[in-house]
Amino acid sequence: MLIPTPTAAAPFRFVSILVPAGLAVLAAGCGGEEASNSRARFGAGPPPVVTESVLLGDITDNYTALATARANEAIDVTPRISSVVSAIHFEEGQSVGEGDVLVELDSREIRADLDLAEANLRERRSRYDRLETLAASQVVSEAELEEIQAQLQVAEAQVNSARARLEDTVIRAPFSGEVGLRRVSVGSLVQPNTIITTLDDIAVMKLEFSVPEEYLAAMREGLEILAQAAAWPDRAFSGEVTSVDSRVDPMTRSLAAVALMPNEDRALKPGMFLQVDISRRRSEVVLAPEAALVPRQGRQFVFVVEEGRASERQVSLGSRRPGQVEIVSGLEPGEQIVTQGVQRIRDGLPVRMAGTPAGPPSANAASSPQ
């Protein structure tokens with residue numbers, strides 16, 4: 001095309017007409033290509049989505065409580081009197097039975113006191129017998145007989161006291177169990193606060209643990225539990241809840257419980273740390289597919305399909321199980337929520353179920369630039 005020689009202002013007038021026209025052609029070409037690619041990817045009409053129904057179902061909550069192992073029965077073996085150890089009849093770690101002699105204390109002085117008390121008792125009893133005979137013939141007054149009778153009773157009490165102290169020189173196991181480390185030797189002077197050894201009944205262990213107050217309904221006597229110890233990572237210990245506290249701790253809002261656990265092989269020791277698994281089953285829980293969740297800024301959302309449109313809704317979550325999550329609030333049973341295609345939809349936009357025809361293309365899509 002021939003262009004006449006322009007005046008000084010003509011080039012600027014010529015350019016101002018052609019440049020917008022070129023941009024319009026470029027934009028039409030790009031828009032046509034983008035619309036073509038969009039139709040190739042999604043097809044015409046609303047984007048397809050896959051939905052699932054919100055259901056009611058059962059769910060099991062699992063809670064891991066931290067427990068401390070205690071012996072079924074446990075004491076510190078201490079003497080009742082002050083004396084010197086004369087004999088030790090146990091080995092450290094030995095299993096003993098109820099009534100077995102553990103330690104003997106020096107009893108010579110106490111035996112001498114017992115002999116003296118028994119001699120005094122014999123003398124008082126003999127005198128009482130004589131006066132009782134004389135009282136029958138009224139040679140002795142009733143008052144004198146009562147005085148001798150009181151002295152006889154005192155002598156009997158002195159004998160019983162000496163015998164009890166003599167029995168205290170022999171320390172026996174009050175129950176069957178295992179003795180711990182020996183803290184004294186023969187010849188040691190021991191007193192009532194001296195610990196000679198320890199005695200633990202570990203054939204059965206007590207587990208003391210606490211659970212949150214929401215597990216109150218699940219905690220009951222007879223509930224079976226499983227526990228694991230770090231010392232035995234590949235082993236599960238089974239037991240049974242035997243008692244539950246009558247009060248909830250107002251500070252921690254937790255409930256204390258005790259479980260008994262057989263320990264025939266002595267694998268568990270007092271003071272060990274265990275983890276107890278507690279289960280709680282709940283019915284009629286609102287459940288939704290986990291794939292429907294859209295996390296954003298620390299909150300959870302889902303898209304509910306209502307009358308062919310996607311409605312974004314915030315939900316509160318509870319417990320989880322594989323593939324499903326409990327909905328505490330935000331959804332009702334039977335509602336349809338999007339599980340696939342959430343990346344292509346927005347709140348309020350129309351959607352169609354996957355497999356549903358998209359319908360005829362819109363007028364704008366049909367009149368794309370050539």
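Start by selecting Glu 178, which is buried, with a relative accessible area of 18%. It counts as buried because the cut-off is under 20% relative accessible area. Keep in mind as you click around that this is a predicted model.

Where does Glu 178 lie? You'll find Glu 178 in strand β7, residues 177-179. Now show its side chain together with that of Arg 266: the two side chains make a polar contact at 3.2 Å. Next, bring up the other residues that Glu 178 touches, leaving aside those up to four places away in sequence. Among them are Gly 93, Gln 94 and Ser 95, then Thr 198, Leu 199, Asp 200 and Ile 202, and also Lys 269.

**On to a helix**

Select residues 142-167 and you have helix α3, with 26 residues. From its first C-alpha to its last, α3 reaches 38 Å, close to the 38 Å expected at 1.5 Å a residue. Which residues of α3 are buried? Color Leu 145, Ile 148, Leu 152, Ala 155, Val 159, Ala 162 and Leu 166, and you've got the buried ones. While you look along the helix, here's a handy rule: an α-helix has 3.6 residues a turn, so residues three or four places apart point the same way.

**Strand β3 and its partners**

Now pick residues 83-88, which make up strand β3. One partner is strand β8, residues 189-190, and the two pair in the antiparallel sense over two bridges. To see where they meet, show Val 84, which stands opposite Leu 189 in β8. Strand β5, residues 101-105, also pairs with β3 in the antiparallel sense, over three bridges. Here the residues to show are Ala 87 in β3 and Glu 104 in β5, which stand opposite each other.

**Last stop: strand β10**

Select residues 224-229 for strand β10 and give its two faces separate colors. Which residues sit on the covered face? Ile 225, Ala 227 and Ala 229 do, while Glu 224, Leu 226 and Gln 228 make up the uncovered face.

Next, add strand β11, residues 232-249, which runs antiparallel to β10 and is joined to it by five bridges. These two strands form a hairpin with two residues between them. Zoom in on Ala 227 and you'll see it standing opposite Phe 237 in β11.

Finally, add strand β13, residues 273-289, which is antiparallel to β10 and joined to it by four bridges. For this pairing, look at Leu 226: it stands opposite Asp 277 in β13.

Technical notes. Residues numbered from 1 in each chain as written. Predicted model: local features only at pLDDT ≥ 70, side-chain atom pairs only at ≥ 80, totals over all residues. Heavy atoms only, no water. Pairing = 2+ DSSP bridges. Buried < 20%, exposed > 50% of the residue type's maximum accessible area, 1.4 Å probe, protein only. Expected span 1.5 Å × (residues − 1). Polar contact = N/O pair within 3.5 Å; in protein donor to acceptor, adjacent residues only side chain to side chain. Contact = heavy atoms within 4.5 Å.
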